[in-house]
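Trainee: I have a structure open and want to learn to read it. Can we go through it by question and answer?

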Amino acid sequence: MSTNKMAGYQHRLKQYEEILESEVIDLKALRALCFLNGCPHERSYRALCWRILLNYIPKERNKWKAELQKQRNLYKQYMEIMIILPGKKMKSKESANGELEDHPLNPNPDSEWRETFRDNEMLLQIDKDCRRLCPDLSFFQQATDFPCEELLNASSSVETLRKRVEHCVLQSETVSRNRLGITFNAASKKRTHSDEYAFLPDGKEAHWEVVERILFLYAKLNPGLNYVQGMNEILGPIYYTFATDPDQEYREFAEADSFFCFTCLMSEIRDFFIKTLDDSQYGIGSKMNQLMDMLKLHDRPLWQKLQDQELRPQFYAFRWITLLLSQEFQLPDVLRIWDSLFADTNRFDFLIYICCAILISIRQQLLKGDFPNNMKLVQRMESAIDLQQVLAKARELASG
């Protein structure tokens, strides 16, 4: 880094320090700073900014400690009610030979495990998705520094999510094609090492297992939505940011904080995951229409090219928008994009500007390409664009 860039970076760190150490956070100034240049990871600034921007903690600093303690205690209660107590109940149903007398796969209509059966179907899908979270990054397969002691220390008397998956995987079952157009074989009689990650030894758990637990709890607490494939891609960057926080005290509570920040974020984008709302004012269909209208306004020749080729936004922008571009870029770039998205006062309007800027950034290739090549380009275009240029173009479009 050049001397001038280093000086500029240090100045920006100083700006964050002044804002975040104020008794009352100036949200307007913080949003402007995060939106323009992104949040630094140093000194826990990104993790702290996200907690504030996602409305997890208030702008008054003197309220942070009490609010965080309250929420983290609440998360422990969720764990007890949703995982530990049901797990103890499952273990108590074991017969003398170790087999479950009544279990989720019991076809008897009087079985008290029908709800557990539905939960396990959902858990299998969550498990499959979380095992493959950010496959190019080893972080999620590594052991967490702060495993869930409430579960691991009680492993002899509690049926953990890990054990539930091991029981369920003995039953051959296929999860249907998900809404993002990907088919997963959720369970089989034998898992292969080529496409699965092994569990860590008892007493340890990987970061992806923590993500799995958060998603399971979220689904149980939100039965109207449950779990939809793709939610793991929304939670992943949040959990990664908190679990790699330089501040150990914050890092220790990455799971609880991730749960509540994910919940806050999902409250804003949950309509994207509800199929019946696709064509509503706030659904994904409306957002894709906004993107095409914006492209038509700013680059009509490119819009016309896509129209002529019938390269519909459903083929690419559905995933871009629903998953906040989390599958289109490497994780460091995703974090940078989300800095601006979370800081946008009109979120998630800026997301549509970014998507439009992406299309404009690859316009020359699109104008020259045929349908197969253009389809491939818009579905795997990370290497073809410069993120900083795209963000600059998106800001230009937004200000125009």
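Trainee: Which side chain meets that of E209 in a salt bridge?

Mentor: Remember first that this is a predicted model. A salt bridge needs a side-chain nitrogen of Lys or Arg within 4 Å of a carboxyl oxygen of Asp or Glu. Here the N to O distance is 3.0 Å. The partner of E209 is R162.

Trainee: In which helices do E209 and R162 sit, and how many residues apart are they?

Mentor: The pair links distant parts of the chain. E209 belongs to helix α8, residues 207-221, and R162 to helix α7, residues 161-168. Along the chain they are 47 residues apart.

Trainee: Is E209 buried or exposed?

Mentor: Buried means under 20% relative accessible area. E209 has a relative accessible area of 6%. Its partner R162, at 8%, counts as buried. So E209 is buried.

Trainee: What is the distance between the closest N and O atoms of E205 and R213?

Mentor: E205 forms a salt bridge with R213. E205 counts as buried at 4% relative accessibility. R213 counts as buried at 4% too. Their closest N and O atoms are apart by 3.0 Å.

Trainee: Which residues are joined into one network by salt bridges that share partners?

Mentor: Look for salt bridges with partners in common. The network they make holds R51, R72, D245 and D257.

Trainee: Where in the chain are D245 and R51, and how many residues apart?

Mentor: Their side chains meet in a salt bridge, 3.8 Å from N to O. D245 lies in the loop between α9 (231-243) and α10 (248-251), while R51 is in helix α3. Both residues are buried. The gap along the chain is 194 residues.

Trainee: How many salt bridges are there by this rule?

Mentor: The rule is the 4 Å cut-off between nitrogen and carboxyl oxygen. Counted that way, the total is 18.

Trainee: Why is helix α3 largely enclosed by the rest of the structure?

Mentor: Helix α3 covers residues 45-53. Its buried residues include Y45, L48 and W50. The helix is largely enclosed because its buried residues number nine of nine.

Trainee: Which residue just after α3 takes a positive phi?

Mentor: Most residues other than glycine have a negative phi. Just after α3, one has a phi of about 65°. That residue is N55.

Trainee: What is the phi of L324, and is L324 buried or exposed?

Mentor: L324 lies in the loop between α14 and α15. Phi of L324 is near 55°, a positive value in a residue other than glycine. With 1% relative accessibility, L324 counts as buried.

Trainee: Where is E310, and what is its relative accessible area?

Mentor: E310 sits in the loop between α13 (300-308) and α14 (317-322). Its phi is positive, near 55°. E310 is partly exposed, and its relative accessible area is 47%.

Trainee: The peptide bond from R347 to F348 is what, cis or trans?

Mentor: Most peptide bonds are trans. F348 is in the loop between α15 (331-343) and α16 (349-361). Omega from R347 to F348 is near 10°. That bond is cis.

Trainee: Why is there no bond between the sulfurs of C39 and C34?

Mentor: A disulfide needs two cysteine sulfur atoms within 2.5 Å. C34 holds the sulfur closest to that of C39. The two are too far apart for a bond, because the distance is 3.3 Å.

Trainee: How far from C264 is the nearest cysteine sulfur, and how many disulfides are there by this rule?

Mentor: C264 is in no disulfide. The nearest cysteine sulfur, that of C261, is 6.0 Å away. By this rule the disulfide count is zero.

Trainee: Which residues gather in a patch of negative charge on the surface?

Mentor: Asp and Glu count as negative. One member is E150, in helix α6, residues 149-152. E150 is partly exposed, at 38% relative accessible area. The patch is E80, E149, E150, E249 and E252.

Trainee: How far apart in space are the C-alpha atoms of M266 and I234?

Mentor: M266 lies in helix α11, residues 254-269. M266 is buried, with a relative accessible area of 0%. M266 and I234 are 32 residues apart in sequence. In space, C-alpha to C-alpha, they are apart by 8.6 Å.

Technical notes:
Residues are numbered from 1 along each chain as its sequence is written. This is a predicted model: local features need pLDDT of at least 70, side-chain atom pairs count only at pLDDT 80 or more; totals for chains, interfaces and linings use all residues. Side-chain values use heavy atoms; hydrogens and water are left out. Buried means under 20% relative accessible area, exposed over 50%, partly exposed in between (1.4 Å probe, protein chains only). Helices (H or I, at least four residues) and strands (E, at least two) are DSSP runs, numbered from the N terminus. Patches are made of residues with over 30% relative accessible area and no salt bridge: like charges are joined within 9 Å, nonpolar side chains (Val, Leu, Ile, Met, Phe, Trp, Tyr) within 5 Å. Accessible areas come from the Shrake-Rupley method with a 1.4 Å probe; for residues, only the protein chains shown count as cover. The place of a charge is taken as NZ of Lys, CZ of Arg, CG of Asp or CD of Glu.
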